[in-house]
Amino acid sequence: MSQLKAIIGLGNPGANYEATRHNAGAWVVEAVARAAGGELRPEKKFLGLHAKVHLHGQEVHLLEPTTFMNRSGGAVAALSQFFRIAPDEILVAHDELDLPPGQARYKQGGGHGGHNGLRDIISALGNDNSFHRLRVGIGHPGDARQVVHYVLGRPGKAEHAAIDAAIEECLVTLPQALSGDWAKAMNRLHSFSAPS
């Protein structure tokens, strides 16, 4: 099993967006950086905020693209080319409409499911979709026409607490994910559900 060498958290740049649901993936990378005692710093060549941290005895690159969501691919491609990281050694954390707040799921491969960040990454990696995903539940507004407004909105207090709890649980399962023991990581994470 390939080991993870990079964790990428998707979001939109700027103060207007940092507290919105669409930035749940970025919150994951920020939480990992805090837990590892690393600091995300602007890195022009990777079009984002980057940190190299040691997690559970392994060197891992953290990246939060500072491009808009639908342009996330450039940052991912730049990092993977520079450090020669294969797509299946990458974990992309992103917000997931199909999961309620308080749940998160690992997944490898698959399509973009209408997520513009994933769509751009798949394209930038030469249509290689074998990277791992960490889907952080944000819930669904119930009406497809309200999705854009919803993902760019801010979660309520209880909802935010549930998302944070799911992210904490992601951190607990990272050692298994990093070592390539996806079955164990999934088993733990997929059985977790924070009270919303």
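Before I turn to the sheet, a word on terms: two strands count as paired if DSSP finds at least two bridges between them, and the strands (E, at least two residues) and helices (H or I, at least four) are DSSP runs, numbered from the N terminus. What I am showing is a predicted model, in which local features need pLDDT of at least 70 and side-chain atom pairs count only at pLDDT 80 or more, while totals for chains, interfaces and linings use all residues. Residues are numbered from 1 along each chain as its sequence is written, and side-chain values use heavy atoms, with hydrogens and water left out.

Let me begin with strand β2, residues 41-43, which runs antiparallel to β3, residues 48-55, and is joined to β3 by three bridges. Within this pair, E43 stands opposite G48 and P42 opposite L49, and in the hairpin, with its four residues between the strands, L47 takes a positive phi near 50 degrees.

From β3 we move on to β4, residues 58-65, where eight bridges join the two antiparallel strands and V53 stands opposite V60.

How are the strands ordered in the sheet? Seven of them form an open sheet of mixed pairing, in the order β2-β3-β4-β1-β5-β7-β6. Because β2 and β6 (104-108) stand at the edges with a single partner strand each, one side of each is left without a neighbour in the sheet.

Finally, helix α2, residues 72-82, packs on the sheet and touches β1, β3, β4 and β5, where contact means heavy atoms within 4.5 Å. The direction of α2 makes about 155 degrees with that of β4, with axes fitted as lines to C-alpha atoms, for helices over the stretch in contact, and angles running from 0 to 180 degrees between N-to-C directions.
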